[in-house]
Amino acid sequence: MFSRPSICGNLSKLCRNGTATATATATPAAANSALALCTARGYHEVVGDIICPSQVRGIDHIRDPRLNKGLAFTLEERQVLGIHGLQPARFKTQEEQLQLCKIAVNRYTEPLNKYLYLSDLHDRNERLFFRFLSENIEDLMPIVYTPTVGLACQRFGLIYRRPHGLFVTFNDRGHIFDVMKNWPEPNVRAICVTDGERILGLGDLGACGMGIPVGKLALYTALAGIKPHQCLPIVVDVGTNNIDLLEDPLYVGLRQKRVVGREYDDFIDEFMEAVVKRYGQNTLIQFEDFGNHNAFRFLDKYRNTYCTFNDDIQGTAAVAVAGLYASKRITGKSFKDYTFLFAGAGEAAIGIADLVVKAMVAEGVSIEEAYSKIYMVDIDGLLTTTRKVGSLDGHKVNYAKNHEPMADLEEIVTAIKPNVLIGASACAGLFTPKILRTMADNNDRPVVFALSNPTSKAECTAEEAYQNTDARVIFSSGSPFPPVKMGDKTYYPGQGNNAYIFPGVGLGVICTGTHHIPDEMFLIAAQELANFVEPSDIERGSLYPPLQSIRDVSMNIAIGVTKCAYDNGLASTYPEPQDKRKWLEDQLYNFNYETSMPVTWTWPRMPYIKTRELVPTKLYGKKSE
């Protein structure tokens, strides 16, 4: 619930001119009612990047979260804006407000209550919310993002307060552009869209999946400085196959089974065309939490015709490969020396594997050898060309081996002897103590990534990984885990969070006006993230830098993406900036309060010039007879 709220206040502007004649002949009560209706201000009167002072009244500075500063308005501002007396006498700085926010959010013990507090803060004071989030990202990211956002999606029907994005339903087919026009912001540059079919590891949540794009785009601003009015969360609601939701009286989406097949594809096509028609060809469209069977289809279908990427596939891949790059500094091995085993063959696993192949090819390995180093297990067992059960559809076929069929993961680990074990299965506890001990027996420093979200779906905990490998494991997870104490040493496992990747990629893409997003940009992002890992991070058990440094990571990634865009002719913003860092920094969102006073300036004293005498002009008309 942390994106641009939208209750369109523009209707009041439309009716002001037409009200006078209507109220002239109406009764006093009706006239007063109509006048009150037409002079009412919308929740968001200010839109776009430039505020027009003549369109903003004093009271708007309190009502509109983009303008509101709470008790930080100075005495002069309060008096000039006409809001003096509407607030207590106390004057606060933004720093004092941040201290109060920290006290307030820490009063709550339940993560969902913290989520609701932050949502309310965003609805009241936008700059304060984003500064609070950006400066306390280690504490607050688990609230606005995984794992708490998963709980917020599950309770969405109960906690829904006001719109924070667009709901485009299947019933709107043929009119999606008309729905898009209802969003009042004219300069949207980044859209995060989901159909809610595969929310984290929680399954089909339908329209309740809105919490995911809302949370993602909040991190675009907090971690990369992308202006919040340029971000738009969208749910394309085509129904849900979740029976519990269909029978839930609090469910807020279409109460019908999911639309599939040609009708569904045509609906998504219309949506993509409507986005381009409304906001332009270079609008970034981030696909999020679509079902496995649709995610790769849409990525392959749209990647060369729209500015789009799938974070579950490409973002997850980049952050995982960054961890693998960092692991090489511990093992002393290169990618070609690794044997990889993926537990899970969905969009996350395939995305990571595909980027690992590109990383190996970049190191000089042939593509055939790169594929041969990667084994993959799905629900039916090891992907092989000889198995009789399960399918090898889509990208799975690239990783099928000429090997006897095997179904038990413990037996597969024993037979293949992988150096790297990556979990993307959403199957809690899949990495049993026996599997972890086998990894430790076969490797001096086994690499184990338990990437499934939320925490309840992780293949193993950090404590289980360290305990069953004599603390020799190189561990990473998709959700945060507490520190693990082994003997005299405490390990702080790093979280392979996509938030290290997608904000920086988004910033570079938006600023350059990139046409299409190649996988090379995500490999660059992985390398930039890995380069940011210090020896001290590795020593404490993390393959990733501290979350406090994530804004610096995002800037480095954005610079790398910007260079890639211009080098490959993908950018549309010219001329190419020479100092790319300064150019990007000049376009960032300002988290600090700005003056609410209108800009004034002086004129030079006019020189004295004597004017001639004013003689009235006579108007001659036809003489009356």
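Which side chain meets that of Lys216 in a salt bridge? I looked this up at the start of the session and found Glu288, with N to O at 3.3 Å. The model is a predicted one.

**Entry 1: the Lys216 pair**

I then located the two partners along the chain. Lys216 belongs to helix 13 (residues 211–224), while Glu288 sits in the loop between strand 4 (284–287) and helix 16. The two residues are 72 residues apart, and the pair links distant parts of the chain. For context I searched the whole structure, which returned 30 salt bridges.

**Entry 2: a positive phi in the loop**

I next examined Asp289, which lies in the loop between strand 4 and helix 16. I noted a positive phi for Asp289, near 60°, in a residue other than glycine. I recorded the value because most residues other than glycine have a negative phi.

**Entry 3: domain layout**

I looked up how the protein is divided and found domain 1 (110–311) and domain 2 (314–496). On the contact between them, I noted 18 residues from domain 1 and 18 residues from domain 2. The C-alpha centres of the two domains are 29 Å apart.

**Entry 4: area of the interface**

The size of an interface is often given as the accessible area lost when the parts come together. I therefore looked up that quantity, and domain 1 and domain 2 bury about 1,300 Å² between them. Carbon and sulfur atoms give 53% of this area. I asked which three residues supply more than any other three of the area that domain 1 buries against domain 2. They are Thr146, Gly201 and Phe296, with 37%.

**Entry 5: polar and charged links across the interface**

I found one salt bridge between domain 1 and domain 2. I also looked up Arg198, which forms a salt bridge with Glu347, and the closest N and O atoms of this pair are 3.3 Å apart. For polar contacts across the interface, I recorded seven residue pairs, with both residues at pLDDT 80 or more.

**Entry 6: the domain 1 side**

I checked which elements give two or more residues to the side of domain 1 that touches domain 2, and these are helix 16 (292–302) and strand 5 (308–310). Helix 16 gives the most, with five residues. By class, I found nine nonpolar, five polar and four charged residues on this side of domain 1.

**Entry 7: the annotated region**

I consulted the UniProt record, an unreviewed entry, which carries the annotation "domain: Malic enzyme NAD-binding" over residues 313–566. For residues 313–566 I noted 44% helix and 12% strand. The end C-alpha atoms of this stretch are 24 Å apart.

**Entry 8: cis peptide bonds**

I looked up two peptide bonds that are cis, because most peptide bonds are trans. Asn453 and Pro454 are joined by a cis bond with omega of about -10°. I placed Pro454 in the loop between strand 10 (447–450) and helix 22 (462–467). The bond from Tyr574 to Pro575 is also cis, and its omega is near 5°. I placed Pro575 in the loop between helix 26 (550–567) and helix 27 (580–585).

Key. Residues are numbered from 1 along each chain as its sequence is written. This is a predicted model: local features need pLDDT of at least 70, side-chain atom pairs count only at pLDDT 80 or more; totals for chains, interfaces and linings use all residues. Side-chain values use heavy atoms; hydrogens and water are left out. Domain bounds come from an automatic or database domain assignment. Contact means heavy atoms within 4.5 Å. Buried area is the accessible area (1.4 Å probe) that two parts lose on being put together, summed over both. A salt bridge is a side-chain nitrogen of Lys or Arg within 4 Å of a carboxyl oxygen of Asp or Glu. A polar contact is a pair of N or O atoms within 3.5 Å; within protein, one must be able to donate a hydrogen and the other to accept it, and residues adjacent in sequence count only if both atoms are side-chain atoms. Helices (H or I, at least four residues) and strands (E, at least two) are DSSP runs, numbered from the N terminus. Ala, Val, Leu, Ile, Met, Phe, Trp, Tyr, Cys and Pro count as nonpolar, Asp, Glu, Lys and Arg as charged, and the others, Gly among them, as polar. UniProt positions are given in the numbering used here, feature names are shortened, and annotations may be inferred rather than shown by experiment.
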